[in-house]
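The exercises below are to be worked with the sequence and the coordinates side by side. Each task is followed by a solution in steps.

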Amino acid sequence: QLPGVHAVLGAGWIGVELFFVLSGFVIARSYLEECGRRWSTAGAARFVLNRFARVWPAWMAVTVVACAWLVVCPRLGLNPNVVSGHPPLELTTLLRQVTMTQMWGESSLIDVSYVAPGWSISAEWLAYLAFPVLALAMRPLLRAHPAANLVLATVAMSPLALTAFLHGTDDIEMN
């Protein structure tokens with residue numbers, strides 16, 4: 001009923017991207033020295049285990065509740081796919097959910113996760129796994145001129161921006 005509210009809510013997905021950027025900044029500020037100075041298998045493992053311990057318990061709890069919902073709803077005559085569909089309740093699919101890898105190799109967000117926003121956990125986990133190597137590779141950029149880093153960041157993001165511009169975003173409401 002309020003002017004502009006629909007437009008703001010329609011652009012809510014931007015909040016996820018903003019979260020990723022801010023989270024990446026905070027993690028880089030906190031761990032770049034530890035992971036980027038020189039390669040340390042122990043340091044990389046410590047980083048990954050810390051991130052796993054922070055994300056996985058909550059993700060597992062949500063996944064268990066979602067699985068229970070998907071099992072109970074049909075028995076009560078309810079449709080669990082009102083907002084979006086879900087992948088089948090199979091062992092391989094469950095393992096992908098539990099390991100936070102459900103989106104790896106997928107081309108769409110639709111019907112991939114038991115919890116629709118779970119795609120972001122899958123992307124976040126991949127970023128955590130890649131961070132120690134990326135921190136090591138990107139460390140020399142700390143000494144580069146900010147304009148050079150701006151150009152490199154723009155070049156790196158251009159394919160994603162062009163794809164979103166040409167094809168739009170994968171929106172559950174549109175399917």
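**Exercise 1.** How many cavities of 30 Å³ or more does a search of the whole structure find?

*Solution.* The structure is a predicted model, in which local features need pLDDT of at least 70 and side-chain atom pairs count only at pLDDT 80 or more, while totals for chains, interfaces and linings use all residues. Residues are numbered from 1 along each chain as its sequence is written, and side-chain values use heavy atoms, with hydrogens and water left out. A cavity is a set of points, on a 1 Å grid over the protein atoms alone, where a 1.4 Å probe fits but cannot get out. The search finds two cavities of 30 Å³ or more, and the largest has a volume of about 40 Å³, a volume being the space filled by probe spheres set on the points.

**Exercise 2.** Describe the lining of the largest cavity.

*Solution.* Lining residues have an atom within 4 Å of a point, and for the largest cavity they are E34, C35, R38, W39, S40, G43, A44 and P132. Helices α2 (14-36) and α3 each supply at least two residues of this lining. By class, the lining divides into four nonpolar, two polar and two charged residues, where Gly counts as polar.

**Exercise 3.** At what angle do the axes of α3 and α4 cross, and which residues meet?

*Solution.* The axes of α3 (residues 41-75) and α4 (residues 91-98) come within 10 Å and cross at roughly 150°. That makes α3 roughly antiparallel to α4, a label for angles over 145 degrees between N-to-C directions. In the contact (heavy atoms within 4.5 Å), W56, W59, M60, T63 and C67 of α3 meet L94, Q97 and V98 of α4. The residues of this contact divide into six nonpolar, two polar and no charged.

**Exercise 4.** Are C67 and T93 buried or exposed?

*Solution.* Buried means under 20% relative accessible area, with a 1.4 Å probe and protein chains only. C67, placed in helix α3, counts as buried because its relative accessibility is 15%. T93, which lies in helix α4, counts as buried because its relative accessibility is 13%. The two residues are 26 apart along the chain, and their C-alpha atoms are separated by 11 Å. Not counting residues up to four places away in sequence, C67 touches L89, L94 and Y114, and T93, under that exclusion, touches P87, P88 and Y114. Y114 is thus listed among the contacts of C67 and among those of T93.

Definitions and conventions. Axes fitted to C-alpha atoms, helices over the stretch in contact; angles between N-to-C directions. Helix = DSSP H or I, 4+ residues; strand = E, 2+ residues; numbered from the N terminus. Parallel < 35°, antiparallel > 145°, perpendicular 65-115°, else oblique. 1 Å grid on protein atoms, 1.4 Å probe; cavity = no way out; pocket = protein on both sides within 12 Å on 5 of 7 lines; lining within 4 Å. Buried < 20%, exposed > 50% of the residue type's maximum accessible area, 1.4 Å probe, protein only.
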